[in-house]
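Me: I am new to this structure. Please take a close look at one part of it, the place where the ligand sits, and show me how that part fits into the whole.

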Amino acid sequence: MSAETPERAIDVSAATPILTSEVRALLEAAPDAMLILDASGTIVHVNAHAEALFGWQREQMIGHTVEMLVPERLRRAHTAHRSSYMTAPRPRAMGKADVELFGVRADGTEFPAEISLSPLPTARGHHAVAAIRDGTERRRVAEEREQLARTAHALTLRDEFLSIASHELKTPLAALQIQIDNLGRTARRAAQGGPIEPVIAKLDAMARAGGRLHRLVAQLLDLSRINGGHLNLEIEPLDLAEVVLGVAEQLRDESVRVGSPIAIDTVTLALHGDRLRLEQLVANLLGNALKYGAGKPVSVQLAQLGDGRLRLSVTDGGIGIAPEHRARVFERFERVVSGRNYGGFGLGLWISREIVSAHGGTIEVESEVGEGATFIVELPAHPPSPSVHPASAVASG
Ligand SMILES: Nc1ncnc2c1ncn2[C@@H]1O[C@H](COP(=O)(O)OP(=O)(O)O)[C@@H](O)[C@H]1O
Ligand SMILES: [Mg+2]
């Protein structure tokens, strides 16, 4: 078997499908479905595994082009592939194909096919030997493995989230506790003629800690609400510029504290949307811009797009997000920064994306690491209806 030169090669023409009995036996003994094709792609030999795999008798296959074994929708592409293969035949291992291959059985059912090809020079020109395996099981195992990896990742994230959540809630709560103790003393001193300013300062700090706790708990509530499948919108006509100005006003103290002024490029932008949810969206984006903005100025741009859509972009000059993390930051619990440097649940952008998509819009980010990030939201002037499903509206009260 070793010295197979073209001169002594096997005769495998379609007209006279003569193989030596040894070669025939060898092909039958192969563990895979085997086909021999001539240069024009015509099937000239088939083994018993191939009969079983495709559900045709060998007489029904021999003399036809191999495309009879390829699903209709892929035939044209397959013919082109095969022709180019035959002009420069070389061995191709199983699973090395750059396209997903499928076979079709006599009864019309399809299966993912793993195919290896070897050139077979013969006295009658180039032939090719194809070994074909049903890849269904292997694909199923691979999918199961991926699913398992995704589940494991989700569990890790959830565990991390639980420890972050308890820490995040404890910090403002402890601050609040200390401030309440201090306030008692300061207030008593003020009552005995001491200064009132320290009391006011303590109350401001308490309001901040309370506000932070409130926002964190609201995010937790949103988490279970969105996981439960409903983010109900209460749609009303509003002006997006007004929403942005309102939120920026609420964040003024924070903006001063971190040293990032917020510039807003206002134009009246009328749309129908849920005021509270859109406020929350803007607060998440502006809050992140202040938090990750490295004390640089922040700007908000509003624009009316041609096709009745509106655009809101929030730009900061801060730490930025590397390309490989950009999609991830919109996922639940996903954070790029370390919890030691920046607090947070990793829920804000996920909730933001839910709000935007409930309004029929899109959100994306552009960024250069170390130079800042721009979050771009596009919203239709009218959200897709119905935005409130009567059943879930009743269920959530
Ligand atoms: N403006 C921004 N600049 C740089 N990184 C950001 C910005 N906004 C969000 N990120 C990154 O995306 C992650 C997810 O953001 P978010 O969902 O708001 O959660 P959180 O702010 O609670 O961490 C953040 O942890 C941070 O790594
Ligand atoms: Mg955030």
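Reply: The answer starts with the whole chain, goes in to the ligand and the helices beside it, and ends with a few single residues.

This is a predicted model: local features need pLDDT of at least 70, side-chain atom pairs count only at pLDDT 80 or more, and totals for chains, interfaces and linings use all residues. Residues are numbered from 1 along each chain as its sequence is written, while chains are lettered from A and ligands numbered from 1 in the order in which they are written.

First, the whole chain. The protein chain has 11 helices and 12 strands (DSSP runs numbered from the N terminus, with H or I of at least four residues for helices and E of at least two for strands). Its radius of gyration is 33 Å, well over the 21 Å that the globule rule gives for 397 residues, so the chain is more spread out than a compact globule (the radius is taken over C-alpha atoms, and the rule is 2.2 Å times the number of residues to the power 0.38). Along the principal axes, the C-alpha atoms fill a box of roughly 115 × 45 × 45 Å. Of the 397 residues, 26% are buried (20 or more other C-beta atoms within 10 Å of a residue's own; 12 or fewer is exposed, in between is partly exposed, and C-beta atoms are placed from the backbone). Now take the contacts with a separation of 6 or more: 64% of them join residues 24 or more positions apart (contact means C-beta atoms, placed from the backbone, within 7 Å).

Next, the ligand. Around ligand 1 there are 21 residues (each with its C-beta atom, placed from the backbone, within 6 Å of the molecule). Which of them come nearest? They are Asn 288, Arg 335, Val 336, Gly 344 and Gly 348. By class, the shell holds 12 nonpolar, seven polar and two charged residues (Ala, Val, Leu, Ile, Met, Phe, Trp, Tyr, Cys and Pro are nonpolar; Asp, Glu, Lys and Arg are charged; the others, Gly among them, are polar). Two helices each supply at least two residues of this shell: H9 (275-291) and H10 (348-358).

How do H9 and H10 meet? Their axes come within 9 Å and cross at roughly 145° (lines fitted to C-alpha atoms over the stretch in contact, with angles from 0 to 180 degrees between N-to-C directions). The crossing is left-handed (the near helix is turned anticlockwise from the far one by less than a right angle; clockwise is right-handed). On the H9 side, the residues that touch H10 are Arg 277, Gln 280, Leu 281, Asn 284, Leu 285, Gly 287 and Asn 288. On the H10 side, they are Gly 348, Leu 349, Ile 351, Ser 352, Ile 355 and Val 356. This contact has six nonpolar, six polar and one charged residues. Asn 288 and Gly 348 take part in it, and both are also among the residues nearest ligand 1.

Is H10 covered or open? It is mostly covered, with 10 of its 11 residues buried. Among the buried ones are Trp 350, Arg 353 and Glu 354. The buried residues of H10 pack against helix H6 (197-227), H9, strand E11 (362-368) and strand E12 (372-380). Just after H10, Gly 360 takes a positive phi of about 80°.

Now the loops that adjoin these helices. Ala 294 is in the loop between H9 and strand E9 (298-304). Its phi is near 55°, a positive value in a residue other than glycine. Ala 294 is partly exposed, with 16 other C-beta atoms within 10 Å. Phe 333 lies in the loop between strand E10 (309-316) and H10. Its phi, also positive in a residue other than glycine, is near 70°. Phe 333 counts as partly exposed, with 19 C-beta neighbours inside 10 Å.

Last, some spacings along the chain. Leu 233 sits in the loop between H6 and strand E6 (235-239). It is buried, with 21 other C-beta atoms within 10 Å. Leu 233 and Thr 171 are 62 residues apart in sequence and 32 Å apart in space, C-alpha to C-alpha. Thr 122 belongs to strand E4 (residues 110-122) and is buried, with 20 other C-beta atoms within 10 Å. Between Thr 122 and Glu 368 there are 59 Å in space, C-alpha to C-alpha, and they are 246 residues apart in sequence.

Definitions and conventions: Contact = placed C-beta atoms within 7 Å.
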